2 protein chains.
Amino acid sequence: MSMSAGAGCDPDDPLACCTPLAREPMSAADAEQVAPLLKAVADPVRLRLLSLVLSHEGGEACVCDLLPAFDLSQPTISHHLKVLHDAGLLDREKRGVWVYYRARPAAMAAMLSLFADAGVPA
Amino acid sequence: MSMSAGAGCDPDDPLACCTPLAREPMSAADAEQVAPLLKAVADPVRLRLLSLVLSHEGGEACVCDLLPAFDLSQPTISHHLKVLHDAGLLDREKRGVWVYYRARPAAMAAMLSLFADAGVPA
DNA sequence: TATAGAGATAGATACCTGTCAATATCGACG
DNA sequence: CGTCGATATTGACAGGTATCTATCTCTATA
């Protein structure tokens with residue numbers, strides 16, 4: 001089935017707006033929906049954060065797991081995690097003193113579908 | 001097969017550095033290589049430009065094909081195309097008076113592979 | 001209740017970026 | 001050779017962003 005799809009995606013859910021770029025010209029509205037997702041990932045620190053969370057045991061990691069991987073202050077990492085969370089890429093769950101982050105599969109799938117069918121043209 | 005891969009990618013080719021994010025923690029070096037690609041796409045105008053080029057007849061489009069789709073000045077579109085080109089996402093070919101842009105399949109494949117295996121976790 | 005540790009927020013600063021108007025370049029064609 | 005039309009480049013400006021230090025909030029626990 002794929003994701004209902006077509007050009008007009010659900011304006012409520014930015015993740016639904018991921019018809020492959022190669023399939024048809026993306027509308028301005030859809031582009032405005034999807035761009036923030038990509039913008040959130042388009043940073044070396046956030047790329048690594050996302051990768052760390054995704055590849056961490058159980059698919060989740062707390063901030064304390066992530067901090068040691070960087071030469072950055074704790075507030076800076078917290079800021080980047082917030083950007084990823086606000087974009088809908090990471091889920092956030094507080095358990096006791098620790099906060100655990102987990103990637104949202106729907107967001108990952110959305111990004112994936114964006115670039116589908118464009119790598120093997122004619 | 002896939003792309004040789006591992007954590008250490010070919011530093012000469014940023015497009016080679018696309019082990020899926022979920023597979024292992026991305027190195028700082030790889031993140032610095034890949035982030036510019038994503039940054040280039042992380043803009044609504046450039047997303048649409050890329051989509052227009054990809055979905056255009058023959059997989060290529062000249063600037064004159066692209067301009068009418070936007071309410072932006074010609075220099076602004078030219079700027080965005082340059083960003084996409086400099087990032088390695090678009091190839092540029094001048095034919096007569098017109099300049100044709102075409103998506104680089106390797107770049108598209110690189111982005112695709114980045115998000116592979118992250119959408120369907122456990 | 002006081003203390004300590006995990007994480008978020010606020011404010012400041014330096015840098016990057018998207019946009020435009022003006023101008024330059026480059027190729028076709030009288 | 002001069003002009004025209006298609007793109008690119010330049011310079012300027014407004015808005016965004018990554019980072020830090022300092023501080024706040026919240027939870028567990030002595």
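**Exercise 1.** Determine how chain B is related to chain A in this predicted model.

*Solution.* Begin with the superposition: chain B falls on chain A after a rotation of 180 degrees, with 0.0 Å of shift along the axis and an RMSD of 0.0 Å. This is therefore the relation of a two-fold axis. Next, consider the contact surface: 100% of the contact residues of chain B recur in chain A, so that the same surface serves both copies. Finally, locate the axis: within chain B, the residue closest to it is B:Leu112, whose C-alpha lies at 2.8 Å.

**Exercise 2.** Describe the side of chain B that touches chain A.

*Solution.* First, count the residues: chain B and chain A each give 38 to the contact. Then assign them to elements: helix 1 (28–41), helix 2 (44–55) and helix 5 (105–114) of chain B each contribute two or more residues to this side. Lastly, sort by class: the side comprises 28 nonpolar, four polar and six charged residues.

**Exercise 3.** Identify the residues with the most contacts inside the largest nonpolar core, and trace the contacts of A:Leu50.

*Solution.* The largest nonpolar core has 70 residues, and A:Leu50 and B:Leu50 have the most contacts inside it. Setting aside neighbours within four places in sequence, A:Leu50 contacts A:Val41, A:Leu84, A:Leu89, A:Ala103 and B:Leu21.

**Exercise 4.** Characterise the surface near DNA strand D.

*Solution.* Start with the residues: 24 surround the strand, the closest being A:Pro75, A:Thr76, B:Val63, B:Cys64 and B:Pro75. Turning to elements, helix 4 of chain B supplies the largest share, six residues. By class, the surface near DNA strand D holds 13 nonpolar, eight polar and three charged residues.

Terms used:
Residues are numbered from 1 along each chain as its sequence is written. Chains are lettered from A and ligands numbered from 1 in the order in which they are written. This is a predicted model: local features need pLDDT of at least 70, side-chain atom pairs count only at pLDDT 80 or more; totals for chains, interfaces and linings use all residues. Helices (H or I, at least four residues) and strands (E, at least two) are DSSP runs, numbered from the N terminus. Ala, Val, Leu, Ile, Met, Phe, Trp, Tyr, Cys and Pro count as nonpolar, Asp, Glu, Lys and Arg as charged, and the others, Gly among them, as polar. A nonpolar core is a set of buried Ala, Val, Leu, Ile, Met, Phe, Trp, Tyr and Cys residues joined through C-beta atoms within 7 Å. A residue is buried if 20 or more other C-beta atoms lie within 10 Å of its own, exposed if 12 or fewer, and partly exposed in between; C-beta atoms are placed from the backbone. Two residues are in contact if their C-beta atoms, placed from the backbone, lie within 7 Å. Copies are superposed by least squares on the C-alpha atoms of residues with pLDDT of at least 70 in both. A residue is near a molecule or strand if its C-beta atom, placed from the backbone, lies within 6 Å of it.
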